[in-house]
Amino acid sequence: MRPADIPAQPQAAAGQPPAGAPAPPAEDRPQPAQGAAQPKPRPDAPADPRPEAAPPSADTPPLALLAQLTNRPAPPPTAARTVARRLKIWSPLVLLLVVLLGTVQLLRPLPDPKFVVAGGSYTFTGDAFAMPWPGEGQAAAEVVGVGSLGTYGEQKPVPTASVAKVMTAYVILKNHPLKAGEEGGRITIDATAAKEAGAEEESRVDVSEGQDYTLFQMLQMLLIPSGNNIARQLARWDAGSEDAFVKKMNEAAKELGMDDTTYTDPSGLDASTVSTAVDQVELAREVMKNDVLRKIVKMPNADVPGLPGRIYNNNDDLLVSNPGGLGIKTGSSGPAGGALMWAAKRTINGKERLIVGATMAQRQAGSNDANAHLKVVKERSYKMIKAVQDALVPATVVRKGDVVGHVDDGLGGRTPVVATKDLQAVGWGGLKAKLELTGGGKLVPHEAKAGTEIGSLTVGTGPGRAQVPVALQRDLTAPGAGARLTRLG
């Protein structure tokens, strides 16, 4: 080929390698002379899209710092990006919290199941009973295990007279218990009791110094003829002094809830020994639980060896005229008028129903005779006793198989319970008798099979109230996971 046919090669600029030759290393490249003009970028060269990064500082936000380090700018903030970023941060924390709360809910102890009674009360049919109250003073009465018959008059403390001897006997037997048929230890009559046997201005028993009687015989002399000297003798024998014994009497009164009662002597002769009819009914209920006292207070008379004759009960006529009469104790004096703590019974469907009451501050108009006041209080009390006995009627409160309530598991679950027998009760016209489901001192279970007896349905109030067992109508199951997780409180 001719030289003219060979294309001409452009000559390399001074200091530049020939075309096609490899570029020398950067350190071998010629550097522009100091002060020489820097080469200008070609006009047609594309601009560098990356902005010049500012040097990081301590106040640079984390995301901006990351962008600088990666030479990638943070995206501009928007509402969607903000929400998304927060969801990424908080979702794991919320999920962990939910798991923890759920675990706590599942592991929390279950609430104790409770009975809920259906209805709550039973009202006896018939005309409403009207008690023939005495018209003066004060009175109170109840049928034990059924309910209160109400009260009459202002329940303010008034002198008790010899009704106080009931508390004396109660305290003596509390400290020296006797079983039915037992006589107890022997007590020697001291000089004081013998001297007081001659006091004509008060009731007393004719005993002599040095005689000894069994505890049972002393209680007979205390409660039947109402011997004041015997009350004081028993107090000294028990506590060493009458004052110490009176302290025991007041302590016993407080234990029984007799808040309006104050004893200042063991016989009731002092007008400062005071109480109310309501308080005396509290005591009457307790006394009639004691077989020994119950036996003595219903005796119209008794023969005690060593006494000059038979001793007679001051409420002998009340006991004789009323076959259901059970005593308990009379009292009469000028300050007290006539007072009587009384008890009676009525047998219905083979079961004895006990009636107790107290009538106080009764007086024979225009008379200062204590015996006249005593006659009035016995007559008025007898009318009340007879009226209550006649008013008592039986009723079937619940039939066997009736749903009487349910077990509430505390988390929304309810399991019905049914009576396993007919519930028979006694009351009077218009009485609203309280119904209650109880566990008999045991906790209601969380789980049990249908038919399991888990408690009792009762009607009435206090000891002696009527009751029948109750059983589950269907299986009782513990609350499930859903109820446990969603429970509040």
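This passage describes buried helices, nonpolar cores, aromatic pairs and one exposed loop residue in a predicted model.

Two helices of the model are mostly covered. In helix H3, which spans residues 165-175, nine of the 11 residues are buried. The buried set consists of Lys165, Val166, Met167, Thr168, Ala169, Tyr170, Val171, Ile172 and Leu173. Helix H8, spanning residues 277-287, has eight of its 11 residues buried. These are Ala277, Asp279, Gln280, Val281, Leu283, Ala284, Arg285 and Val287. The buried positions of H8 thus include Asp279, Gln280 and Arg285, and those of H3 include Lys165 and Thr168.

Both helices contribute to the nonpolar interior. The largest nonpolar core contains 63 residues, of which Met167, Leu219, Met221, Leu234, Tyr263 and Leu283 touch the most other members. Met167 is one of the buried residues of H3, and Leu283 is one of those of H8. When neighbours within four places in sequence are left aside, Leu283 is in contact with Val166, Met167, Tyr170, Leu256, Met258, Tyr263 and Met341. Val166, Met167 and Tyr170 are among the buried residues of H3, and Met167 and Tyr263 are listed with Leu283 among the core residues that touch the most other members. A further core lies apart from this one; it has 46 residues, among them Leu318, Ile348, Leu392 and Ala448.

The count of aromatic pairs comes to two. Tyr122 and Phe124 form an edge-to-face pair, with 5.2 Å centre to centre and 85° between the planes. Phe124 has a relative accessibility of 3% and therefore counts as buried, the cut-off being under 20%. The other pair, Trp133 with Tyr152, is stacked, with 6.3 Å centre to centre and 20° between the planes. Trp133 lies in the loop between strand E2 (121-123) and strand E3 (138-143), whereas Tyr152 belongs to strand E4 (residues 147-152), so this pair ties together parts that are 19 residues apart in sequence. Trp133 is partly exposed, with a relative accessible area of 24%. Tyr152 is also partly exposed, with a relative accessible area of 24%.

Glu209 is located in the loop between helix H4 (191-196) and strand E7 (212-214). Its relative accessibility is 56%, so Glu209 counts as exposed. Residues up to four places away in sequence not being counted, Glu209 touches Ile189, Asp190, Ala191 and Ala194. For Glu209 and Asp190, the C-alpha to C-alpha distance is 5.2 Å, with a separation of 19 residues in sequence.

Notes:
Residues numbered from 1 in each chain as written. Predicted model: local features only at pLDDT ≥ 70, side-chain atom pairs only at ≥ 80, totals over all residues. Heavy atoms only, no water. Buried < 20%, exposed > 50% of the residue type's maximum accessible area, 1.4 Å probe, protein only. Helix = DSSP H or I, 4+ residues; strand = E, 2+ residues; numbered from the N terminus. Phe/Tyr/Trp six-rings, centres within 6.5 Å; stacked < 30°, edge-to-face > 60°. Core = buried A, V, L, I, M, F, W, Y, C linked by side-chain atoms within 4.5 Å. Contact = heavy atoms within 4.5 Å.
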